[in-house]
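Me: I should like a close look at one part of this chain, namely the hairpin and the loops that accompany the strands. Please set that part in the context of the whole chain and explain each step formally.

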Amino acid sequence: MSLAAKVPHFHYVDEIKCNALVELKTAFQKNNPYPDVKHTFLPILVKSLSMALTKYPSLNSCFKEDLMEVIFKGSHNIGVAMATPNGLVVPNIKNVQSLSILQVSFQP
């Protein structure tokens with residue numbers, strides 16, 4: 001935990017219009033061949049994050065202090081914290097860079 005405190009953090013806030021995102025989600029739900037699956041914004045946002053990591057690979061890296069070098073990660077393993085009745089759960093979706101939005105939706 002003390003090593004994590006040494007890592008530089010950043011915070012970014014912006015306002016965006018989400019009309020196209022709402023239309024995409026609506027299209028997924030309208031053309032949904034699985035009636036028991038409800039499409040949400042989360043898989044779209046997870047895939048968007050992966051695409052951003054492809055464009056800005058330094059955000060998907062770590063610093064090895066003992067080697068004094070930055071290690072760029074090849075995989076986009078993205079965890080999303082969720083509050084559940086059983087407490088906080090953080091599912092980790094592996095290799096998001098090679099998944100479609102629909103494949104992200106169906107990850108266990």
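**The strands and their loops**

Reply: In this predicted model, the elements of the protein chain follow one another from the N terminus in the order α-α-α-β-β-β-β-β-β-α. The radius of gyration is 17 Å, well over the 13 Å that the globule rule gives for 108 residues, so the protein chain is more spread out than a compact globule. In total, the secondary structure amounts to 4 helices and 6 strands. Along the principal axes, the C-alpha atoms occupy a box of roughly 50 × 35 × 25 Å. Of the 108 residues, 17% count as buried.

We may now turn to the hairpin. Strand 1, residues 61–64, pairs with strand 2 in the antiparallel sense, and 4 bridges join the two. One residue pair illustrates this arrangement: Ser-61 has Phe-72 of strand 2 as its bridge partner. The hairpin of strand 1 and strand 2 has 4 residues between the strands.

Met-68 lies in the loop between strand 1 and strand 2. Its phi is near 55 degrees, which is a positive value in a residue other than glycine. Most residues other than glycine have a negative phi. Is Met-68 buried or exposed? Met-68 counts as exposed because its relative accessibility is 62%, and the cut-off for that class is over 50%.

The next loop to consider joins strand 2 (69–72) and strand 3 (78–79), and His-76 is found there. The relative accessibility of His-76 is 6%, so this residue counts as buried; the class requires a value under 20%. Which residues are in contact with His-76, once its neighbours within four places in sequence are left aside? They are Ser-50, Leu-53, Thr-54, Asn-60, Ile-93, Lys-94, Asn-95, Val-96 and Gln-97. Among these partners, Ser-50, Leu-53 and Thr-54 fall within helix 3, which covers residues 42–55. Ile-93, another of the partners, belongs to strand 6 (92–93).

Asn-95, also in contact with His-76, is located in the loop between strand 6 and helix 4 (101–105). Phi of Asn-95 is near 50 degrees, again a positive value in a residue other than glycine. With a relative accessibility of 31%, Asn-95 counts as partly exposed, a class that lies between the limits for buried and exposed.

Helix 3 also has contacts with the end of the chain. Pro-43 has its place in this helix, and Pro-43 counts as buried because its relative accessible area is 11%. Leaving aside neighbours within four places in sequence, Pro-43 is in contact with Ile-101, Val-104 and Ser-105. These three partners lie within the range of helix 4, residues 101–105. Pro-43 and Val-104 are 61 residues apart in sequence, yet their C-alpha atoms are 5.6 Å apart in space. For the protein chain as a whole, among contacts between residues at least 6 apart in sequence, 32% join residues at least 24 apart.

To return to the part requested: Met-68 in the hairpin loop is exposed, whereas His-76 is buried and Asn-95 is partly exposed.

Key. Residues are numbered from 1 along each chain as its sequence is written. This is a predicted model: local features need pLDDT of at least 70, side-chain atom pairs count only at pLDDT 80 or more; totals for chains, interfaces and linings use all residues. Side-chain values use heavy atoms; hydrogens and water are left out. The radius of gyration is taken over C-alpha atoms; the globule rule is 2.2 Å times the number of residues to the power 0.38. Buried means under 20% relative accessible area, exposed over 50%, partly exposed in between (1.4 Å probe, protein chains only). Contact means heavy atoms within 4.5 Å. Two strands pair if DSSP finds at least two bridges between them.
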